[in-house]
Amino acid sequence: MATAQSTRHVTLSRDMGLLDVTMIGVGAMIGAGIFVLTGIAAGQAGPALILAFLLNGVVALLTALAYAELAAAFPEAGGGYLWVREAIPGAAGFVTGWISWFGHSVACSVYTLGFGAYLGEMFRNIVEYAHWQLPFISAAFGHEWFAKGAGITACAVFTYINFRGASETGKAGTLVTLSKLVILAVFVGSGLYALAYKPDWRQHFQPFFPNGWGGVFAAMGLTYIAFEGYEIIAQCGEEVKRPQRNLPLAIILSILMVVPIYCLVAFVCIAAITPAAGQATWQTLGNLGELGLVEAARQFMVGGRFVGGLILLLGGLFSTVSALNATIYSSSRVSFALGRNRNLPDIFAAIHHRYRTPHVAVIVSGALIALMAVALPIKDVASAADVMFLMMFVLINIALISLRQRRPDLKRSFRVPLVPYIPLVAAITSIGLTVRLFVDSPKAGLVTVIWLTVGLLGYYLYARRREEVEARAPVVFERVPVREANYRVLIPVANPSYVESLATVAAAVSKYHDGEVIGLNVIAVPEILPIEEAVRFRGHAERLLDKVHDVLEPYEVPVHTIVRASHRVKRAILDTIVEHDVDMAVVGWRGWTETSNKVLGTVLDAVVRHARCDLAILKTVNPVREAKRILVGVTGSPQSALSIRTAKAISALLGAEVDYVHFFREGEPEPVELVEYWSSRPDPALQVQVRLQSASSPTAGLVRAAAEYDLLILGAAREALMQQLLFGTKTRTVASLVKRSVLMVKQYEGPARAAVKELFTPIEEEERHPVDYGEEQ
């Protein structure tokens, strides 16, 4: 007998207020992007760069609304990873966390190198302005390895700050971000002042679309990474005071603060500089590339070329430092959440005894950032990170729609209006930008595929197994047969009235294959009670399984009985199928369900979709053990082979007569090839004589003919994949209409098709209402 596993839940301390968390988001958005990418993007979009920034702000705001609602509803470290995991359990949740961790880490590597480059450029300017004859030192400051070394040093400093705690992180981030905003305000103010002495500045905006809309979309794809900082705010959920109020406010305020700043910077750059001879201002900025903003500062900022350039370089340093601080914080919180949910090793969830921070996650994330800054081609990997962020935003908008349906009980202090339309528009625009990035940077696609492949392998080889082990329902009672069999038939039982018929079918199939029957009862424990409360109901469960044993005893079939306790009945059944390598599960259905949005029933829908074995669903009207005549509906599909085998098994046990019939529509030619197909099967166990019979429709023919038999056996309908997510509409319709006992069988489709089903219809992790799986017999 197994006992319930102990649970744990580690938490972080709440130290940050609204200003701190807002500045973390603003600091991440006004990072290296505005300083490094403005000139490059101006060369792509021309004066329409202002429109590109504005449209990126709108696109970001659409997804930010989803973040605002979900961050307030789930104020925990992990952000989007946790939301998708809740809405779409399984691989999608893990992949969201995996790409989020990678995206933040790579973005942080970009900021690390940006800091080193700006620091080196500043020192070089000082050396040159002072007219020091130090060419070797000046060259050293401009060398790639100086930038890497300085950046890694900054990364180490902010890793230590994050190690110390969120309050230190928030205070440092707030100070740096405010300093950066002051510098940008001086930059914009100087540019606007310079316009007073440039009466022809309006000509700099003609034409507004020199490269058409293609240039605008290219600039949007390039600069969208600069608008992703609000995602970091969601990582702070577990360390923010009054999260239901402060998180939505911080997310929306950060977007509303940053978009005007970006647009103003683009405006003064294009309007206030003096272009090179024969060029438009946007062409000059584009040719200067990442130094475009520095040149603008040298032309019109207070203090002249040296002071103006130096001030902007200081702004660049502040930008990269604040973004570095924010992304070290966010990447560590994602890996912490992955560790806490058993998707990464437990050490990632360790909390420092003094600082109450996820110190291991912080250190590992810092090391990963430093490693990528040194070893990887950062430009293309950064594009891949942008693609991954956009993919994550698509999943999060889908998660918002799903959680509105699945979790109406959530406390939502902020609600996105016009759901599902706004999140759908946000998802579609994110997909469009993703496609554009793939076109502009094919290497980004390759890096994305490699990282996702590594993540999926890690999930299926490690994380999924851990999830399954942790989620398994404990065994309260178990009685094992003396002889172990190679073929196993499972019957989950809850309603005593149907035990006899279920056990009879199970006995027939197991005896036919020289196997054993596993009788399972799951004690459904309400969510508000601990699993240990199941012990109170053990006696009733054992008596129910004793009845299974009594029914099977005359048939001399080995019986294995198990009692499990779980908050999730369907999960306990599916776990038993996997753990005991079950070949067929026989489950009851009363022919209808009272549960809305379900086809067969709350538990049965999930079992039919996700069981890794053959299935037999029994609707009992008359006792199966009294069956003397059996009708089998035959088609040319592989499902009919399982129907025939099952019918022969029941006939062998009960001595019943079996008729194999194929109904075809009146007026159509007889499908004589079907008769030949089944009469000449290579496997003698499948050789049967099929009778052809016309009817107004196959459904009507089966329903009418079944009235003369004791049991009707049907295979799953041969329909499209999405229709087959259960048994197919035709099979279900016949089973519902027939007034005799009906056995629907479905052959296991293998892991590939099962994976597709799991993608479209993931197993619901929680049952929000008490489950009477007696409705499924």
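## Strand S7 and its neighbours

Leucine 631 stands opposite leucine 712 in strand S10. The model is predicted. S10 covers residues 711-715 and runs parallel to strand S7, with three bridges joining the two.

S7 spans residues 629-633, and four of its five residues are buried. S7 also pairs with strand S8, residues 657-665. Five bridges link S7 and S8, and these strands too run parallel. One pairing can be named here: isoleucine 630 has valine 658 of S8 as its bridge partner. Helix H23, residues 638-654, completes a right-handed β-α-β unit with S7 and S8. In a regular strand, side chains alternate between the two faces of the sheet.

## The chain as a whole

The protein chain contains 27 helices and eleven strands. Of its 777 residues, 59% are buried. The chain exposes about 31,000 Å². Carbon and sulfur atoms supply 61% of that area.

How much of the contact set with a separation of 6 or more comes from residues 24 or more positions apart? The share is 83%.

## Two nonpolar cores

The largest nonpolar core has 137 residues. Ile30, Tyr67, Trp83, Phe187, Tyr230, Val265 and Phe300 have the most contacts inside it. Apart from this core lies another, of 59 residues. Its members include Leu545, Ala647, Trp678 and Leu711. In soluble globular proteins, nonpolar side chains tend to be buried together.

Which residues does isoleucine 30 touch, leaving aside those up to four places away in sequence? Lys180, Leu181 and Leu184 are among them. Val258, Ile261 and Tyr262 are also touched by isoleucine 30. Ser319 and Ser322 complete the list.

## Cis prolines

Two peptide bonds that lead into proline deserve a look. The bond from glutamine 206 to proline 207 is cis, with omega near -5°. Proline 207 sits in the loop between helix H8 (166-195) and helix H9 (212-223).

The bond joining valine 419 and proline 420 is cis as well, and its omega is about 15°. Proline 420 belongs to the loop between helix H16 (378-406) and helix H17 (421-440).

## Positive phi

Leucine 418 lies in the loop between H16 and H17. Its phi is near 55°, a positive value in a residue other than glycine. Is leucine 418 buried or exposed? Leucine 418 is exposed, because its relative accessible area is 60% and the cut-off for exposed is over 50%.

Aspartate 581 also has a positive phi, near 50°, and is likewise a residue other than glycine. Aspartate 581 is located in the loop between helix H21 (569-579) and strand S5 (584-588). With 52% relative accessibility, aspartate 581 counts as exposed.

## Cysteines

How many disulfides does the structure hold? The structure holds zero. A disulfide is a covalent bond between the sulfur atoms of two cysteines.

Cysteine 269 has a relative accessible area of 0% and is buried. Cysteine 613 is at 4% relative accessibility. Cysteine 613 therefore counts as buried, since the cut-off is under 20%.

Note on methods: Residues are numbered from 1 along each chain as its sequence is written. This is a predicted model: local features need pLDDT of at least 70, side-chain atom pairs count only at pLDDT 80 or more; totals for chains, interfaces and linings use all residues. Side-chain values use heavy atoms; hydrogens and water are left out. Buried means under 20% relative accessible area, exposed over 50%, partly exposed in between (1.4 Å probe, protein chains only). Contact means heavy atoms within 4.5 Å. Accessible areas come from the Shrake-Rupley method with a 1.4 Å probe; for residues, only the protein chains shown count as cover. Two strands pair if DSSP finds at least two bridges between them. A crossover is right-handed if, with the strands pointing away from the viewer, the path from the first strand over the helix to the second runs clockwise. A nonpolar core is a set of buried Ala, Val, Leu, Ile, Met, Phe, Trp, Tyr and Cys residues joined through side-chain atoms within 4.5 Å. A disulfide is a pair of cysteine sulfur atoms within 2.5 Å.
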